[in-house]
Every structure is written in structure tokens, then in C-alpha cells.
Amino acid sequence: MQSQLPATDETRTQVANYDEDQYDYRDFWAGRDYEHWAETRVLRRLFTRTPRAEWLVDLGGGFGRHIPLYQAHAAHVVLVDYSWTNLANAERALMPHGADGSLFLIRGNLYHLPFRDGAFDLGMTTRVIHHLKAIDEALDEMGRTIGSRWLLDVPIKTHLLARARGLAHGRVRVGRDRGPNAIGTADTPFYNFHLGAIRERLRQLGWSSTIFASVNNFRRWERAVPGRLARPLRPVVHGLEMAAQRVGRGWWGPAQFLWLVRTSPLAARVAVPTALPAGPMALLAPRMMCPACHGDLEWSADAARCVACQGTYGRKGAIWDFVVG
Ligand SMILES: C[S@@+](CC[C@H](N)C(=O)[O-])C[C@H]1O[C@@H](n2cnc3c(N)ncnc32)[C@H](O)[C@@H]1O
């Protein structure tokens with residue numbers, strides 16, 4: 001399994017750059033308490049049913065919105081993201097006393113990850129795959145690094161509101177074809193997906209899937225009601241969301257959370273490098289490899305160098321940069 005990714009068309013694997021135009025993703029969350037609450041509820045419910053993890057990876061973890069929750073459920077958490085701004089915000093908020101081995105911040109590209117096969121026993125991916133046009137390659141690469149369990153948030157084409165909008169425009173068969181649907185703008189494209197097609201791809205990759213929850217079933221409801229009604233209505237909407245998370249699985253909400261379990265668990269291919277980094281990074285280093293050629297890494301306190309292709313990866317504060325090129 002530890003093979004290199006096939007070369008992909010660059011435009012398909014282009015990364016959504018959150019660092020452009022001084023964007024700060026934390027601002028997106030102003031006034032979205034309901035959405036955050038709805039997701040957190042699902043994650044908490046999931047964690048009551050699944051064993052605590054040794055190594056948890058948050059793929060496209062942003063500024064670490066869910067990290068405190070993940071840290072309560074895992075001995076070691078690794079946040080991977082492409083955005084310097086998000087990672088720096090995560091470092092400031094979550095590592096006020098520096099690295100202690102419970103949280104690692106890795107700058108990386110989800111299409112070319114610097115981790116060995118099965119490096120993590122649990123993977124979490126929320127609000128990320130709408131950025132991934134080459135979804136098959138991305139699922140393959142992300143899944144390769146996870147040995148047994150994975151929570152994957154899938155934005156679907158055929159959610160209730162999309163169907164209702166389609167019907168209003170006289171379209172009955174909204175989103176029924178199995179390909180991704182491109183929305184957004186040419187500069188900022190987003191994709192949503194056919195849930196069956198994603199599950200089928202994951203099945204081919206060795207995962208069995210169940211739909212764990214339909215999430216954010218009443219997205220932006222606060223904006224649809226007069227301000228003075230939002231507060232008294234909140235408990236009602238929260239109650240309805242709790243019910244819809246179960247009954248709406250597969251069709252209601254725009255985000256469907258898939259719970260994936262490997263049909264044959266994959267043992268981590270850990271390899272202790274000849275030269276280890278100082279400090280807590282020595283714990284993660286055996287699970288890492290060169291994201292460009294999958295060669296072994298040699299470490300110093302501030303850099304990792306690939307013994308095969310000589311690619312060098314540096315560190316800024318607590319953030320290790322494993323983006324190729
Ligand atoms: C909408 S945010 C979600 C962040 C976090 N998962 C959350 O739920 O708050 C999407 C994140 O995915 C990251 N991202 C998108 N494409 C990526 C890629 N190819 N490689 C690494 N990170 C990527 C972005 O930098 C951004 O932080």
C-alpha cells in the first residue's frame with residue numbers, strides 16, 4: 001500500500017488557499033453557534049461509542065475548532081492543514097506552553113501527506129472535502145494514513161433544501177447523477193457529492209461505511225427569523241436538530257457524517273529513523289515519511305531531510321512544514 005500517489009492533473013489537486021487576502025477562518029464562525037453546537041453534539045455522541053484513540057489525526061483541521069474535544073478522546077492528536085494562518089492561530093490558542101507531545105501541528109497537503117500507512121488509529125475530517133476536486137485521489141491518500149476508524153463529513157448534493165430549491169425551479173431530479181457538483185465561483189470553487197458514489201469509492205478502498213448523522217439540518221435558521229424570536233426558538237430548533245440528526249440520515253441535512261471502519265485493520269508501518277528530532281516530535285517521527293517520494297526521513301531539531309530524494313522540511317515554532325515545493 002505504501003506506494004506513491006499517481007501523478008494528478010495539477011488543476012484538479014489545487015489547494016484552496018486560506019491564507020489569501022488575509023482571510024481569517026475564525027471570522028466565519030461569528031454568529032454560527034448553532035452549526036458548531038450541532039457538529040459538536042455528533043462528535044460527542046460518537047466518542048461515547050468508540051474507544052479512545054492512541055493517535056488521532058484531524059485532516060484539514062483549520063485553526064483547531066474541534067481539537068479540545070479530540071484531545072479528550074486521544075493520547076496524541078495531529079492537526080494537518082495547508083494554511084499558515086490557521087496553524088498559527090491553532091498554535092497560539094492550543095499550545096500556550098509549547099509542544100508537550102499531546103498535540104502536533106503539521107503543515108501538509110491532503111493530496112500528499114507525510115505519514116506512513118496506518119499511522120493513525122482514528123481520523124477526523126469535518127468541513128474539508130468540499131475543497132477537494134480530485135476526491136477519489138484525496139480519499140485514497142487520506143484513508144491510507146488511517147488504520148482503523150474515520151469520521152468523514154460529506155457535503156451532499158441531494159439534501160432537502162437543494163431538492164426544494166430544484167423543485168421550485170421545476171427540476172425534479174436534482175443531483176441524482178453520481179459525479180461531484182461544482183458550486184461557488186471560478187476563484188473559489190466548492191464541490192458537493194453524491195453520497196452513494198462516495199460510499200462506493202470508500203468501499204473499494206477497504207472501508208465499510210454507515211451514515212452516523214445528518215448535520216446542520218436547519219443551517220442559518222437564525223437568519224430566517226426576526227432577531228427577537230431567535231433566542232426563545234433556540235431550544236426548539238436544537239430539539240429538532242437532535243431528532244433530524246437521526247431521521248435525516250442520508251437525505252435531510254447538507255452535511256452527512258459517515259462513520260468508516262476498515263474491513264481489515266491496517267497496522268501502523270512505524271519505522272524508527274536513524275536520527276530522531278529532539279523533544280516531543282520524536283514520538284511522531286516514526287510515523288512520518290517524505291510526502292514527495294515516501295522515503296525515510298532523518299531529523300534534526302529544526303528540520304527533517306529525506307534520505308532518498310533529499311527534500312528538506314523545516315519548522316517554524318511548533319509548526320512543521322511538510323508541503324512539497
Ligand atoms: C472549512 S475549513 C474546516 C476546518 C476544520 N476542519 C473545521 O471543521 O473547523 C477547511 C480547511 O481545509 C484546509 N484545506 C483545504 N484543502 C486542503 C488541502 N489540499 N490540504 C490541506 N488542507 C486543506 C483549509 O486550509 C482549511 O483550514
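Helices and strands here are DSSP runs, with at least four residues for a helix and at least two for a strand, numbered from the N terminus. With that in hand, we can place N216: this residue sits in the loop between β8 and α7 (221–224). Keep in mind throughout that the model is predicted.

## The whole chain

Let's start with the big picture. The protein chain has nine helices and 13 strands. Its radius of gyration is 20 Å, close to the 20 Å that the globule rule gives for 325 residues, so the chain is as compact as a globular protein of that length. If you draw a box around the C-alpha atoms along the principal axes, you get roughly 60 × 40 × 40 Å.

How much of the chain is buried? Of the 325 residues, 38% count as buried. As for who touches whom, take the contacts between residues at least 6 apart in sequence: 67% of these join residues at least 24 apart.

## Around the ligand

There is a ligand too, with 19 residues around it. Which of them come nearest? Those are G60, G62, Y82, S83 and L110. Sorted by kind, the shell around the ligand divides into eight nonpolar, eight polar and three charged residues.

## A strand on the inside: β4

Now look at strand β4, residues 120–125. Six of its six residues are buried, so β4 is largely enclosed by the rest of the structure.

What does β4 pair with? One partner is strand β1 (residues 53–59), which runs parallel to β4 and is joined to it by three bridges. You can find one of these pairings at V57, whose bridge partner in β4 is G123. Strand β5 (residues 146–155) also pairs with β4 in the parallel sense, over five bridges. Here T125 has L152 in β5 as its bridge partner.

To get from β4 to β5, follow the chain through helix α4 (residues 135–144): the three elements make a right-handed β-α-β unit.

Is α4 itself enclosed or open? Seven of its ten residues are buried, so α4 is largely enclosed by the rest of the structure. The buried ones are I135, A138, L139, E141, M142, G143 and R144. As a reminder about helices, an α-helix has 3.6 residues a turn, so residues three or four places apart point the same way. The cover over the buried residues of α4 includes β1, β4 and β5, along with α6 (195–204) and β8 (207–215).

## Hairpins late in the chain

Strand β11 (residues 303–306) has a partner on either hand. Strand β10 (residues 297–299) runs antiparallel to β11, and three bridges join the two. These strands form a hairpin with three residues between them. Strand β12 (residues 312–316) is also antiparallel to β11, again with three bridges. That hairpin has five residues between the strands.

A304 is a handy residue for seeing both pairings: W299 stands opposite A304, and Y313 in β12 is a bridge partner of A304.

Which side chains of β11 are buried? The side chains alternate along the strand: A304 and C306 point to one face and are buried, while A303 and R305 point to the other and are not.

## Three loop residues

Finally, here are three residues that sit in loops, with their counts of C-beta neighbours inside 10 Å.

| Residue | C-beta neighbours inside 10 Å | Status |
|---|---|---|
| N216 | 27 neighbours | buried |
| R249 | 19 neighbours | partly exposed |
| Q310 | 11 neighbours | exposed |

Why do they land in these groups? A residue is buried with 20 or more such neighbours, exposed with 12 or fewer, and partly exposed in between. N216 has 27, so it counts as buried, while Q310 has 11, so it counts as exposed. R249 has 19, so it counts as partly exposed.

N216 has a phi near 60 degrees, a positive value in a residue other than glycine. Q310, which lies in the loop between β11 and β12, likewise has a positive phi, near 70 degrees, and is not a glycine.

R249 belongs to the loop between α8 (227–247) and β9 (255–262). What is R249 in contact with, leaving aside its neighbours within four places in sequence? The contacts are I211, A213, S214 and Q256. F218 is 31 residues from R249 along the chain, and 14 Å separates their C-alpha atoms.

How values were computed
Residues are numbered from 1 along each chain as its sequence is written. This is a predicted model: local features need pLDDT of at least 70, side-chain atom pairs count only at pLDDT 80 or more; totals for chains, interfaces and linings use all residues. The radius of gyration is taken over C-alpha atoms; the globule rule is 2.2 Å times the number of residues to the power 0.38. Two residues are in contact if their C-beta atoms, placed from the backbone, lie within 7 Å. A residue is near a molecule or strand if its C-beta atom, placed from the backbone, lies within 6 Å of it. Ala, Val, Leu, Ile, Met, Phe, Trp, Tyr, Cys and Pro count as nonpolar, Asp, Glu, Lys and Arg as charged, and the others, Gly among them, as polar. Two strands pair if DSSP finds at least two bridges between them. A crossover is right-handed if, with the strands pointing away from the viewer, the path from the first strand over the helix to the second runs clockwise.
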